[in-house]
Amino acid sequence: MADERIRVLLAKPGLDGHDRGVKVIARALRDAGMEVIYTGLRQTPEQVVSASLQEDVDAIGLSILSGAHMTLFPRVVELARQAGLDDVIIFGGGIIPDEDIPRLKELGVSEIFTPGTRMEDIIAYIRQHARRAQS
Amino acid sequence: MSATDVTNRLQEAEMEWEERTLKPVLKKTPESRQVFTTTSLAPVERLYTPNSLPDFDYETDLGFPGQPPYTRGIHATGYRGKLWTMRQFAGFGSAFDTNQRFKYLLEHGQTGLSTAFDLPTLMGYDSDHPFSEGEVGKCGVAISSLADMEVLFDGIPLEQVTTSMTINAPASMILAMFLVVAEKQGADWQRVGGTLQNDILKEYIAQKEWIYPPRQAMRLIVDTVEFCTKEAPKFNPISISGYHIREAGSTALQELAFTLRDGIEYVQYCVNHGLDVDDFAPRLSFFFNSHNDFFEEIAKYRAARRIWHKVMTERFGAKSPRSWALRFHTQTAGVSLTAQQPLNNIVRVAIQALAGVLGGTQSLHTDAYDEALALPSDEAALIALRTQQIIAHESGAANVVDPLGGSYFIEKLTREMEEGAFDYFRKIDDFGGMIEAIDAGFPQREIQDSAYHYQLAVDSKDKIIVGLNDYVMKDEPVQIPLLQIDESTAKLQAERLAKLRAERDGKRVAETLKALTDGARQGHNTMYLLLDCVRAYATLGEMCDALRPVYGEYQEPAF
């Protein structure tokens, strides 16, 4: 049987290079037993979705600290749904003002984690919602 | 009584104190934890005494301010002659928006300017490049050509106000734009002062905004140093920065060590190019973070000066005292600010700023309390500036030179910082230099490890962050006004760029860009060629593109 570990793709769309958070999360998820694919910096939404398809992931985590989240998060969701990634959860993190969160959720982002979130809360969220965890 | 006798007597006295006074107290009321640590998770002792500093020698370890080894500061009178420069980092939206903010800050008593550019500008893309979508004007000002730079500094006399520009990969292009604006104002380049960040090494290590590979990028930096030494001698061509290294998660020691080792790399490259160290070293400046742990930060700044003096004299044989004195800018730690109970950040910033002042900073940026949420609003930016003014005029911190000098704790920490930094220098030298260490991923991995351990300490409440993992409020009452940046800047920039491309002399642009490519290939100093491109209104993106065929592009290795 195939590996039943939860597979998470972590990506940084957009131009900002603030990868402290995404790298800490990558390590925390790995330590929690998940398979983590980190795309590196400056991936276009197209690249993120294509990598998610190839890697057969259960969850996509996006990190943006530049303020471009309202443009780039919805784009990834839209392309992912077009590509048939319907049961893949897409969550985000970064400097995201509270008032943007409802709109992002309407547009299909499943959860937003803002600064101060505990690593174990993110782990618990993925365990609860990821496809492979539920099957 | 001889010195040895005094030392022995003090050691006995301390042991006696431990036995008679300390032990009964510990028995009755144990301490709240086994080990106490700094923000960097470095352990600290209960008490420091002269016994903590064996072989301490006032003259060689500290000396007097304005004299080697500069532990007590680079000015004999500290801040009594001149306060630090209050230099608030600002930039958002279009050049029109940021020009207004600059004028607002100058009207309220700020004494120097500091420019934040948006991400497309930092990466060398024009505002209308596809990669710029969603990013234009968001975390800084959008500058795509001389036309934008003219607006940015409209009505600001560049001969009188010094300007700092936080730009790295395309630093020489932005410097060229700045100097052409100065030229058009009728200012004399020999008298224009300011600072270019132009520190590409910490980009590969921490901030990750690069274009070209390290060794090629170093050629541009050597060009700017050579150029400024000759043509703009009051301009600091590099601000060697630990700020971003710290923000990426390093410890205070790693910030200090990697930053100064970057400095060594720049000096070495310039010397290898044939420059005389004393011709350019006096214009190198540094930029450090000020984080939460008050004493650790102060020790870091004092150690930085002492180390740099040693490096410049022993490693590079610099003869001018101006080359030996490390000057630095400080910014309070953005990463320490919390989105929760944001007004608490005003207090954090005040403590961090005070550490910078007690550490002897030459200029200071205080973060605005709303920066964990957005770019600063006018109100938040003003409180940040007022914080510095209160420290300067009300706290008494500026009255005395190096007021913490001689504190057993501070002197011990300073010594540990110095020793730790030299240990890191040896490791990096063993790789063959900083660029080789970066190739191997050494500083990057060190920082990632520290960031992860810090997060574990916060998550486990080993480190308490007020309002974040303790003293949490369920329904926070405070609503603060946030600065909103919409997409109108992107639209404005696209229109301005279209107009510029239609109206400028296209033939002249093409010729100057070709001269840039050819000149770079032949190893000519690129600054003079860039100035010609800028005068012809070539865009930032075009200039960066013209060098790609010569230098190539950097791809980050996976770590």
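Student: What percentage of the 559 residues of chain B count as buried?

Tutor: The model is predicted, and local features need pLDDT of at least 70, side-chain atom pairs count only at pLDDT 80 or more, and totals for chains, interfaces and linings use all residues, while side-chain values use heavy atoms, with hydrogens and water left out. Residues are numbered from 1 along each chain as its sequence is written, and chains are lettered from A and ligands numbered from 1 in the order in which they are written. Buried means under 20% relative accessible area, exposed over 50%, and partly exposed in between (1.4 Å probe, protein chains only). Of the 559 residues of chain B, the buried share is 59%.

Student: How many helices and strands does chain B have, and what is its radius of gyration?

Tutor: Helices (H or I, at least four residues) and strands (E, at least two) are DSSP runs numbered from the N terminus, and chain B has 22 helices and 12 strands. The globule rule (2.2 Å times the number of residues to the power 0.38, with the radius taken over C-alpha atoms) gives 24 Å for 559 residues, and chain B comes close to that, so it is as compact as a globular protein of that length. The radius of gyration of chain B is 24 Å.

Student: Which strands of chain B stand at the edges of the open sheet, each with a single partner strand?

Tutor: Two strands pair if DSSP finds at least two bridges between them. Five strands of chain B form the open sheet, with parallel pairing, in the order β3-β12-β11-β10-β9. One side of each edge strand is left without a neighbour in the sheet, because each has a single partner; these strands are β3 (85-86) and β9 (238-241) of chain B.

Student: Which residue of β10(B) stands opposite Ser239(B)?

Tutor: Both faces of β9(B) are covered, with Ile238(B) and Ile240(B) buried on one side and Ser239(B) and Ser241(B) buried on the other. Four bridges join β9(B) in the parallel sense to strand β10 (residues 284-290) of chain B. Opposite Ser239(B) stands Ser285(B).

Student: Which helix gives the most residues to the largest nonpolar core?

Tutor: A nonpolar core is a set of buried Ala, Val, Leu, Ile, Met, Phe, Trp, Tyr and Cys residues joined through side-chain atoms within 4.5 Å. The largest has 131 residues, of which Met149(B), Leu260(B), Trp308(B) and Met543(B) touch the most other members. With 11 residues, the greatest contributor to this core is helix α6 (residues 171-185) of chain B.

Student: How many residues does another core, apart from the largest, have?

Tutor: This core lies apart from the largest one and includes Ala51(A), Ile90(A), Ile96(A) and Leu104(A). Ile90(A) belongs to strand β4 of chain A, where it points one way with Gly92(A) and Gly94(A), all of them buried. The number of residues in this other core is 25.

Student: Which residue is the bridge partner of Gly92(A) in β5(A)?

Tutor: Strand β3 (residues 59-64) of chain A pairs with β4(A) in the parallel sense over six bridges. Three bridges join β4(A) to strand β5 (residues 111-113) of chain A, also in the parallel sense. In β5(A), the bridge partner of Gly92(A) is Ile112(A).
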